[in-house]
Each structure stands twice: as C-alpha cells, then as structure tokens.
Amino acid sequence: MTSGIDSVESSRQAASPLPLADIIVLDLTIARAGPTAVRQLADWGADVIRVDAPDDGFEEGRQASPDYLNIHRNKRSLVIDLKHPQGRDLLHTLARSADVLVENLRPTVKYRLGFDWDTLRAVNPALVMASISGFGQDGPYATRGGVDQIAQGLGGMMAVTGLPGQGPVRAGVAISDVTAGLQLAIGILVALHERSRTGQGRWVHTSLLESMIGMLDFQAARWTVAGEDPQQAGNDHPTMVPMGTYVAADGYINIAAPGGRLLRSFCAEIGLPGLTDDERFSSSRTRSANRAALNEIIGERLATASCDEWVERLNAVGIPCGRVNSVAEAFADPQVRHLGMAAPVRHPAVGDIRIIRNATQIDGVPGDIRRPSPTKGEHTDEILAQFGLDADDVAVLRDSGAVR
C-alpha cells in the first residue's frame with residue numbers, strides 16, 4: 001500500500017480551481033437533511049466521497065428518483081460495510097486524510113460503529129465532524145428517530161401554518177430538513193475557517209428540532225419577547241396589514257402594502273384613495289383589528305382585473321406584487337428562466353435531465369453542476385486508489401466483504 005496521505009495531497013494539487021476544491025468530505029448521510037448540507041459543499045467544488053452502506057434499506061431503489069438525482073449531484077460513491085472490522089478500519093484510513101466527515105444517523109449509532117467525535121479526532125485532530133440528528137446529540141429525545149414532519153409539529157411550525165381554525169398544517173416542503181442542512185453547512189465552513197488558524201478540527205452539530213425553532217424566527221420571538229403565542233394566519237401576514245394573498249379576476253396574487261407610502265400608493269392605484277381616512281383602517285393597530293373588513297373591500301376591487309394587469313400596475317407604482325404560481329408555472333416564469341434555476345446534466349442511467357442549481361451565485365465561479373448523482377459504489381476503485389490502496393489491497397477488502 002502506498003502512502004494514502006501523499007496520494008491524497010497529489011489529488012488536492014490537481015483539483016479544479018473551485019472555492020472548496022482542496023476540501024475532502026466523507027459523506028455518511030442518508031435521507032435529506034445531511035445530504036442537503038453535503039450538497040452545499042459539493043456544489044462549490046469539495047471532493048465529496050459518499051460512503052454508502054451495502055444494504056441501505058432507505059436509499060435502496062431510489063437512485064433514479066427525482067429527489068436522489070437532485071440531492072446527490074457532484075458526489076462520488078464507494079460502498080463500505082461499517083459493521084465489518086476491516087470496513088471500520090478503512091473509514092479511519094480515509095478520515096486521516098479527509099477534512100470533513102458528515103453524518104446524520106441516530107447519536108448512538110456512530111458510537112457503536114466507531115465514528116464518534118472522540119474516536120475520529122484521535123485519528124485526525126484536524127478533522128471537522130458534522131452531525132445532524134432529529135432532536136439533538138443528548139437530552140430526553142436524543143435516542144428517538146426524527147423526520148421532518150415530526151420536527152415541524154414539535155417545533156411549532158404546524159401551529160402557525162394554514163388557515164385560522166383549520167388545525168395544524170405541515171409546510172409544503174421539508175423545511176426542517178433543508179434548514180438543518182443549510183445550518184450545518186454554515187457551521188462546517190465556520191469550523192474550516194477556524195481550522196485555518198488553529199489547525200484543529202471541531203465537532204459541529206444541529207438537529208431538525210433546533211433548525212425548526214430557529215426557522216420560526218420572528219414568530220418565535222413574539223413568544224420569547226412579548227409572550228404572544230402565534231396562531232394560524234393563513235395567507236395573511238401575521239402582523240402587517242394589508243399583506244397577503246388576494247383573488248384577481250383570473251387567479252391569485254400576493255400584495256405587500258402594509259403602511260406608509262406603500263399603502264397610500266396602493267389605495268390610489270386600486271381606486272380607493274380615501275380608504276385610510278376610514279378610522280377602521282387609519283393605523284396599523286386598527287387595520288389589524290379590522291383585517292377581514294379591509295380585505296373584503298380590497299378583494300372587491302382586485303376582482304375587476306386580471307392578475308397580470310394588477311401585477312403590472314402595482315409594480316409600476318412601487319408596490320411589491322406577484323402572481324401565485326404552481327411549481328410548473330414558476331419554472332415557466334421569465335425571471336426564473338432568466339436565473340437558470342433548472343440546470344442540465346446527463347445521467348448515465350436516466351439520460352438528459354434538469355436539476356435545481358445552487359440558489360447562491362459567486363461572480364466568476366463556474367456553474368455548480370459538474371457531475372450527476374453517482375450509482376452505488378460507482379467510484380469504489382477510483383476513490384481507494386486516491387487514498388493509496390493498490391489493486392491487491394482492494395481485492396482483499398472485496399473478498400472480505402468490507403467494500404463493494
């Protein structure tokens with residue numbers, strides 16, 4: 001076996017000039033939250049090595065799904081059986097030369113499989129380990145399995161989503177998963193920045209529940225600061241009026257004109273210039289108290305013209321306003337098309353597809369979709385060679401069942 005560290009350093013020097021091209025990431029994640037964090041690093045050039053399990057019941061059969069094809073782009077895959085002693089030793093070999101290891105299994109699992117923080121920092125003190133769990137690494141719920149909707153319910157999101165009196169409603173996207181992934185990616189980058197000064201790694205961790213509480217933002221602060229327990233407000237803004245969804249002659253539009261110049265310009269444009277003289281609507285407090293009556297008056301005027309007409313007229317006088325699109329309509333929108341949010345990629349098994357590009361752009365950095373999602377174990381030989389294992393070493397590991 002050649003020196004793994006020397007081999008890896010050579011690959012770093014040959015890396016593409018993307019911002020994270022010199023960072024090697026071991027991805028032990030499943031589902032969505034962990035892969036979302038890793039995808040952020042992969043999109044900016046990190047060498048992401050997806051460590052797949054030989055018989056992962058969750059991911060098995062999903063490699064051709066739209067979700068999998070989108071979330072695992074820009075990664076390579078090898079299969080290691082971490083329950084096998086040689087598989088665990090191999091993971092430690094990879095960790096010695098890696099910069100980041102990301103996992104989102106239950107907290108107890110990593111201790112059983114030998115990739116907990118204390119073990120890994122002994123292997124590589126410069127390693128940044130990043131973990132996502134359902135509810136935290138310790139505490140009364142630490143051993144529970146967690147998924148997005150459970151976190152939405154526990155974290156208060158479902159209590160403020162939906163129409164008043166409707167009962168709890170989940171957000172239409174896996175919001176705690178995605179938010180936890182983004183929070184973890186930020187933490188990883190912070191830890192890597194600190195490591196550039198200290199040479200020492202850190203254990204970075206978050207959970208679906210923590211991310212959900214954080215995502216409540218001003219709704220949570222209404223409780224912690226003012227003692228207000230926020231309720232469902234439907235498509236109206238919880239605290240500002242008028243701001244919400246209205247029905248035009250041919251569909252729905254969102255309008256934000258909660259006060260000041262915006263409200264005056266809005267009332268004038270829809271033909272109600274004296275509306276704010278009505279004592280029911282003359283202040284933010286009275287508008288909130290009389291929201292239903294105000295929305296009814298506004299709705300009667302908006303129903304007289306089409307969405308496109310109102311959007312053009314209101315934006316012309318500086319009122320934030322836009323159509324409510326379906327997902328299909330969103331991707332047909334001229335601004336979305338201009339932004340190029342659907343990026344093309346060719347997958348060897350699926351063919352030409354479009355996946356969602358990273359929502360952040362850095363001027364002068366090339367596009368973020370470099371390779372399609374990998375098939376399971378597609379790059380095992382290539383990756384192990386990168387870490388200094390020769391063909392005989394790999395054959396031994398395969399014969400033992402440690403890799404595939």
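Modeller: In this predicted model, helices are DSSP runs of at least four residues and strands are DSSP runs of at least two, numbered from the N terminus. With that understood, Gln 63 can be placed in the loop between E2 and helix H3 (66–71).

Biologist: Is Gln 63 buried or exposed, and what makes it so?

Modeller: Buried means under 20% relative accessible area. The relative accessibility of Gln 63 is 18%, and therefore the residue counts as buried.

Biologist: Which residues does Gln 63 touch, once those up to four places away in sequence are not counted?

Modeller: With heavy atoms within 4.5 Å taken as contact, Gln 63 touches Tyr 68, Leu 69 and Ser 373.

Biologist: Why does Leu 154 count as it does in terms of accessibility?

Modeller: Partly exposed describes what falls between the limits of under 20% for buried and over 50% for exposed. Leu 154 has a relative accessibility of 43%, so it counts as partly exposed. This residue belongs to helix H7 (residues 148–154), and, with its neighbours within four places in sequence left aside, it is in contact with Phe 135, Tyr 141 and Leu 209. Between Leu 154 and His 338 there are 39 Å from C-alpha to C-alpha, for a separation of 184 residues in sequence.

Biologist: What makes E1 and E2 a pair of strands?

Modeller: Two strands pair if DSSP finds at least two bridges between them. Strand E1 (residues 24–28) and strand E2 (residues 47–52) run parallel and are joined by 4 bridges, so they meet that requirement. Within this pairing, Asp 27 has Arg 50 in E2 as its bridge partner.

Biologist: In what order do the strands of the sheet with E1 and E2 lie, and which are its edge strands?

Modeller: The open sheet has 6 strands with parallel pairing, in the order E3-E2-E1-E4-E5-E6. Strand E3 (75–79) and strand E6 (203–207) are the edge strands, as each pairs on one side only. From one strand to the next, the twist averages 20°.

Biologist: Which strands does helix H2 lie across?

Modeller: Helix H2 (residues 33–43) lies across E1, E2, E3, strand E4 (100–103) and strand E5 (128–133), and it runs at about 130° to E3. Helix H10 (residues 208–216) also packs on the sheet, where it touches E5 and E6 and makes about 70° with the direction of E6.

Biologist: How do you know that E7 and E8 pair, and in what sense?

Modeller: The requirement is again at least two bridges. E7 and strand E8 (residues 252–256) have 5 bridges in the antiparallel sense, and therefore they pair. Val 247 has Tyr 252 in E8 as its bridge partner.

Biologist: What makes strands E7 and E9 edge strands?

Modeller: The open sheet of 3 strands follows the order E7-E8-E9, with antiparallel pairing. Strand E7 (243–247) and strand E9 (321–323) each pair on one side only, and these are the edge strands. The twist here averages 25° from one strand to the next. Helix H15 (residues 307–316) lies across E8 and E9, at about 160° to E9.

Biologist: How many helices and strands does the chain have, and what share of its residues is buried?

Modeller: The chain has 19 helices and 11 strands, and 47% of its 404 residues count as buried. Among contacts with a separation of 6 or more, 70% are between residues 24 or more positions apart.

How values were computed
Residues are numbered from 1 along each chain as its sequence is written. This is a predicted model: local features need pLDDT of at least 70, side-chain atom pairs count only at pLDDT 80 or more; totals for chains, interfaces and linings use all residues. Side-chain values use heavy atoms; hydrogens and water are left out. Buried means under 20% relative accessible area, exposed over 50%, partly exposed in between (1.4 Å probe, protein chains only). Axes are lines fitted to C-alpha atoms, for helices over the stretch in contact, and angles run from 0 to 180 degrees between N-to-C directions.
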